[in-house]
Amino acid sequence: MSHALDAPAPSVVTKLQMPALIVGGIGLVAGVIGAVLNFQAFLHAYLVAFSFWNGISLGMMLILMIQYLSGGGWGIILRRTLEAGTRNMWLMAVLFLPILAGTVMNKLYIWTDHAKVEADHHLHQKAPYLNIPFFSVRLVIYFIVWLTFAFLLNRWSLQQDQSADKKLARNLRNLSGPGLLIMAITLTFSNIDWLMSLQPHWFSSMYPLINIVGNLLAAMCFGVIFVALMSDHAPFKGLIQTRHFRDMGNLMLAFVMLWTYTSLSQLLITYSGNLPEETPWYMNRITGGWGYVAVLLLTCHFVLPFIVLLQRRVKDPGKPLIWIGTFIIAMRVVDLFWWIKPSFDAGQGLAAAYKLSTFNVHWLDIVLPLAMGGIWTWCFIWQLKKRPLVPQHDPNMKEAFAHGGH
Amino acid sequence: MKPKARSLHYGVLAEFDTPQQLVDAARATHDAGFRKYDAYTPFPIEELADAMHDHQNPIAKIVLLAGFTGACIGFGMQTFANLVHYPMNIAGRPNFAWPMFIPVTFECIVAFAAFTGVLSMLALNGLPTPYHPLFNCPNFSQATRNKFFLCIEATDPKFELAETRKFLEQLNPREISDVEN
Amino acid sequence: MAAQNDQDKSMGTKSLVPIIGPGHTFASVNDKISAIVLLRGTSFGWVVGFGIAFMIFMMMLMSISYLLFRGVGIWGINNRVDWGFDIINFVWWIGIGHAGTLISAILLLLHQKWRTSINRFAEAMTLFAVACAGLFPVLHLGRPWYAYFLFPYPNTLGMYFPQFRSPLEWDVFAVSTYASVSLVFWYVGLIPDLATLRDRAKSWIPKTIYGIFSLGWRGSARHWHRYETIYLLLAGLSTPLVLSVHSIISFDFSVSLLPGWHATFFPPYFVAGAVFAGFAMVMTLAIPVRWVYGLEDFITDKHLENMGKITLVTGNIVFYSYLMELFYGWYSANEYEQFMVHNRLFGPYGYMLWALYFCNGVMPQFLWSKKIRTNSIWLFVISMFISVGMWLERYVIIVVSLHRTFLPSAWGTYSGTFWDWSLYIGTMGFFLTLLFLFIRLLPMISISEMQMLLPEAQVPHKEEAHEA
């Protein structure tokens with residue numbers, strides 16, 4: 001182990017920090033202007049951006065926990081990148097405030113409108129769950145849980161670098177097992193609260209799972225992009241082997257397939273059920289202009305990445321994963337946009353079946369994901385620079401980087 | 001009278017104790033210019049394919065092609081049945097209810113790919129081969145236990161019984177035997 | 001430097017010990033596993049076990065004969081609850097089979113070496129479980145002799161194709177593909193070991209039989225190369241296949257409109273349940289087998305612990321699904337969904353739901369403790385609870401949803417009859433009979449793969465050769 005393990009983050013990554021800040025800064029200004037001009041349109045776009053970047057932070061946390069349990073070199077290589085992402089959790093907590101404001105001001109969710117809730121039997125029934133105080137309480141719980149996990153995972157991992165204490169590795173594993181369970185529950189309910197309740201008559205138990213898989217996929221792509229960018233520089237040069245990139249590529253492939261599996265299962269079951277609560281959700285998303293988006297998702301969120309990621313010549317060198325990862329991340333934003341945007345101009349309840357959404361894009365829909373991405377990435381690189389890029393004293397270290405064999 | 005074309009010998013068989021010796025021997029054999037030779041081991045040795053320069057492997061392509069065929073047949077069959085052969089109104093859905101065709105299409109992909117793949121593996125390996133000249137060598141049964149064999153076959157243009165024997169002896173095998181046809 | 005080396009060595013052996021006992025060589029692994037089939041002979045214990053299993057199997061045949069004679073009216077199913085034990089047992093058995101494919105395919109793709117010593121056994125279990133599962137829907141047809149109607153074939157009726165838009169038809173494709181691909185996967189894995197048995201066998205009868213089935217395998221490196229490729233590809237194909245099979249079985253329910261059946265998360269929920277049940281069954285069988293045949297060197301505590309971990313993970317996914325079912329039942333604000341939840345919890349079959357929560361929700365939580373995960377008796381007991389729990393789960397899903405549907409005038413009750421139970425228990429005899437025959441006639445651990453685990457089998461990669 002003669003590699004310079006404590007080499008600083010290479011310039012190929014740090015030089016991205018300034019452009020990210022510029023994009024974030026310009027976007028922030030544009031976002032404020034947009035919010036002043038049309039607060040509702042701002043909120044709609046903001047929810048897409050927030051769901052995406054919050055999803056990346058949470059997906060990184062999930063992958064971090066998974067790799068502590070599964071072992072393997074890919075996890076050790078990705079670990080510091082993922083940790084830097086989870087340290088952005090506080091940022092996401094701050095960035096939630098506009099959504100909370102929109103909720104309290106009755107601008108975002110239909111169930112915040114008392115008159116509508118009283119007039120609608122279904123909404124009235126759901127009121128014990130969908131009301132602003134309980135929503136806020138749950139919100140605080142989610143972020144406390146997520147911030148605690150992020151804090152502990154980062155703290156113990158840093159301590160492990162300094163001391164070879166075996167207890168730390170055990171702590172990390174012991175946290176990750178139950179942690180995944182708690183994460184699954186918090187992610188499910190946060191998804192119900194923030195996205196599913198946009199059309200509160202509709203419910204689908206698969207929806208939170210699709211969202212979790214999508215978060216995992218986007219986070220994996222984001223992590224792999226950064227590791228692949230840095231792979232020619234210390235400390236990764238010579239450490240990353242072909243099989244590590246192959247494992248990461250295979251994980252991306254697995255998540256792409258899982259996304260398709262969950263998404264198509266939901267479609268198939270909804271399609272065959274043909275129930276008035278469920279079907280309008282899809283009618284609003286596969287007819288008219290939204291239908292083209294659905295086809296785009298099927299081909300570019302599944303078919304293309306699937307075919308490309310099947311091939312070893314894409315996975316083994318690692319560098320091509322940067323391009324395919326970026327492509328998948330872009331499609332993930334489109335997927336979230338397709339989920340969220342039609343909710344606003346479609347009818348509610350049974351009206352959703354005949355008052356269909358028409359395809360529409362606001363300029364904020366494009367600006368806000370980029371703006372939040374700029375800020376998020378700036379913070380991410382700032383965090384990435386703080387720690388050595390390869391963790392030390394991991395019990396699986398030797399096995400993970402042994403040459404030859406399997 | 002035996003037909004002349006058929007050589008009296010199948011080849012020369014050398015026996016080794018460890019996988020490492022066999023891999024070295026295979027590498028030396030290839031470097032010496034032999035092409036018709038084969039190694040026999042109780043378990044797969046990844047490095048051996050490399051030593052023998054055995055990189056061609058069409059199976060993955062065959063499986064891909066078979067899977068694609070399965071997809072076309074599966075989806076085509078259901079489309080034909082529902083649109084042409086026997087159109088039927090089922091719960092008001094369109095006849096071309098493509099989400100409902102996915103499961104059977106998927107099963108067809110897997111079935112076609114798996115069976116074609118296994119059959120092509122057997123065909124390319126020339127299996128089943130109930131009789132093979134190597135089975136006549138008394139010690140060859142250890143090839144499924146703990147011994148590692150290398151056989152240079154008589155069909156190799158460079159094959160010369162005495163010379164080949166001498167060549168194999170340089171590789172320090174445990175034993176050398178001639179394999180009769 | 002020397003200390004470093006020592007540490008390396010101890011780490012090397014430490015990581016090996018759990019998967020394969022110390023002191024083994026190529027020959028000892030080979031001899032020990034093949035001897036179970038060839039030299040150990042037919043023990044008294046085996047004969048007794050096989051005899052009991054065979055008698056239970058006979059009970060199944062008797063039950064089927066009477067069923068064919070009288071028709072499905074001898075079962076407990078009625079106009080209201082028209083899916084009963086037949087479908088419960090079908091789903092139960094096929095779920096059990098899924099662990100075999102998971103161990104052999106997914107763990108292979110994940111480079112989990114510990115799978116090696118249990119994969120053959122688990123795959124055999126898959127096949128036998130699928131054989132048992134396949135019986136039920138066919139018998140449930142009522143006129144099983146017309147089962148071939150389910151396949152597309154040219155005929156004089158002018159309808160060449162079945163109804164492709166029914167999930168029951170998807171089942172036909174899924175289960176038949178699953179059964180045949182699993183069989184092929186298993187057989188391909190067996191070929192080199194059959195050749196080993198052919199070469200080890202002393203007398204001519206086994207030599208000939210193993211010889212025929214080994215297809216003349218001689219361990220050629222060129223053959224191994226293609227063999228390894230197709231084995232890996234089969235693993236790659238089996239992984240989505242196993243997910244698809246239980247997903248399609250979940251579609252049998254979720255594609256309908258019945259409260260308690262129509263839920264979009266059914267596919268992953270069923271898959272997790274299947275893996276959960278399957279691992280429990282692998283442990284239920286592997287623990288006694290390793291004890292009887294002295295295979296502690298090959299099926300070590302490490303294996304049991306890893307299986308315990310997977311059981312814990314899938315168990316928690318299943319438990320999550322139970323809780324979410326309750327939540328969505330309420331959140332739907334649909335009176336039928338809400339009634340379904342209430343009826344499940346406090347209806348006439350409520351005790352089954354609470355028993356189910358205990359078996360599948362509470363019992364697996366003990367597996368958080370490493371002490372319990374490495375204790376084979378504890379694992380055995382927990383696995384038994386899980387097997388029962390998974391059967392109850394299907395009972396709750398099928399019977400409880402069917403017996404009280406939308407119209408109270410159409411409500412009814414259900415209970416299994418003697419013929420339901422005799423067929424169900426009979427299939428266990430069928431399963432065990434096949435398993436006993438397998439243990440007696442075929443190597444239950446993959447010999448060639450176990451040999452690959454020995455450190456001597458590793459040949460370091462030569463860089464120059466690669467560049468040349």
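In this predicted model, C:Arg373 forms a salt bridge with C:Glu305, the closest N and O atoms being 3.1 Å apart. The two residues belong to distant parts of the chain, since C:Arg373 lies in helix α13 of chain C and C:Glu305 in helix α10 of chain C, with their positions 68 residues apart in the sense that they are 68 residues apart. Both partners, C:Arg373 and C:Glu305, are buried. For C:Glu305 the relative accessible area is 6%, and because buried means under 20%, this residue falls in that class.

C:Glu305 also takes part in a salt bridge with C:Lys370, with an N to O distance of 3.3 Å. This pair likewise links distant parts of the chain, running from C:Glu305 in helix α10 of chain C to C:Lys370 in helix α13 (residues 370–373) of chain C, 65 residues apart. C:Lys370 has a relative accessibility of 52% and therefore counts as exposed, the limit for that class being over 50%. A further salt bridge joins C:Glu305 to C:Lys309, where the closest N and O atoms are 3.9 Å apart, a distance that meets the criterion of within 4 Å. C:Glu305 and C:Lys309 are 4 residues apart in helix α10 of chain C, so that about one helical turn separates them. C:Lys309 is partly exposed, its relative accessible area being 36%. Side chains of opposite charge can pair when their charged atoms come close.

Over all chains, a search of the whole structure finds 21 salt bridges. In chain A, A:Arg80, A:Glu83, A:Asp161 and A:Arg387 are joined into one network by salt bridges that share partners. Between chain A and chain C, by contrast, the count is 0 salt bridges, and across the interface of chain C and chain B the rule likewise finds 0 salt bridges.

The interfaces themselves were described by their contacts and by the area that they bury. The size of an interface is often given as the accessible area lost when the parts come together. For chain C and chain B this area is about 5800 Å², of which carbon and sulfur atoms give 67%. The contact involves 61 residues of chain C and 70 residues of chain B. Of the area that chain C buries against chain B, 16% is supplied by C:Arg165, C:Arg218 and C:Arg222, more than by any other three residues. Between chain A and chain C the buried area is about 3200 Å², with carbon and sulfur atoms giving 68%, and the contact takes 41 residues from chain A and 33 residues from chain C. Here A:Ser205, A:Tyr261 and A:Ile269 supply 19% of the area that chain A buries against chain C, again more than any other three residues.

Aromatic pairs number 104 over all chains. In one of them, the rings of A:Phe143 and A:Trp146 have their centres 5.3 Å apart and their planes at 80°, so the pair is edge-to-face, the planes being over 60 degrees apart as that class requires. A:Phe143 and A:Trp146 both lie in helix α9 (residues 132–162) of chain A, where they are 3 residues apart, about one turn of the helix. A:Phe143 has a relative accessibility of 7% and so counts as buried, and A:Trp146, at 0% relative accessibility, counts as buried as well.

Another edge-to-face pair is formed by A:Phe189 and C:Phe327, with 5.0 Å from centre to centre and 80° between the planes. This pair crosses between chains, from helix α10 (residues 166–194) of chain A, which holds A:Phe189, to helix α10 (residues 301–331) of chain C, which holds C:Phe327. A:Phe189 is buried, with a relative accessible area of 17%, and C:Phe327 counts as buried at 14% relative accessibility.

Charged side chains also lie over aromatic rings in chain A. A:Arg138 lies over the face of A:Phe134, at 4.3 Å from the ring centre, and A:Lys386 lies over the face of A:Trp382, at 4.6 Å from the ring centre.

For chain B, the domain assignment gives domain 1 (9–55 + 129–180) and domain 2 (59–124). The centres of domain 1 of chain B and domain 2 of chain B, taken over C-alpha atoms, are separated by 44 Å.

Conventions. Residues are numbered from 1 along each chain as its sequence is written. Chains are lettered from A and ligands numbered from 1 in the order in which they are written. Side-chain values use heavy atoms; hydrogens and water are left out. Rings of Phe, Tyr and Trp (its six-membered ring) pair if their centres lie within 6.5 Å; planes under 30 degrees apart count as stacked, over 60 as edge-to-face and the rest as tilted. Buried means under 20% relative accessible area, exposed over 50%, partly exposed in between (1.4 Å probe, protein chains only). A charge sits over a ring if NZ of Lys or CZ of Arg is within 6 Å of the ring centre and within 35 degrees of the ring normal. Domain bounds come from an automatic or database domain assignment. Contact means heavy atoms within 4.5 Å. Buried area is the accessible area (1.4 Å probe) that two parts lose on being put together, summed over both. A salt bridge is a side-chain nitrogen of Lys or Arg within 4 Å of a carboxyl oxygen of Asp or Glu.
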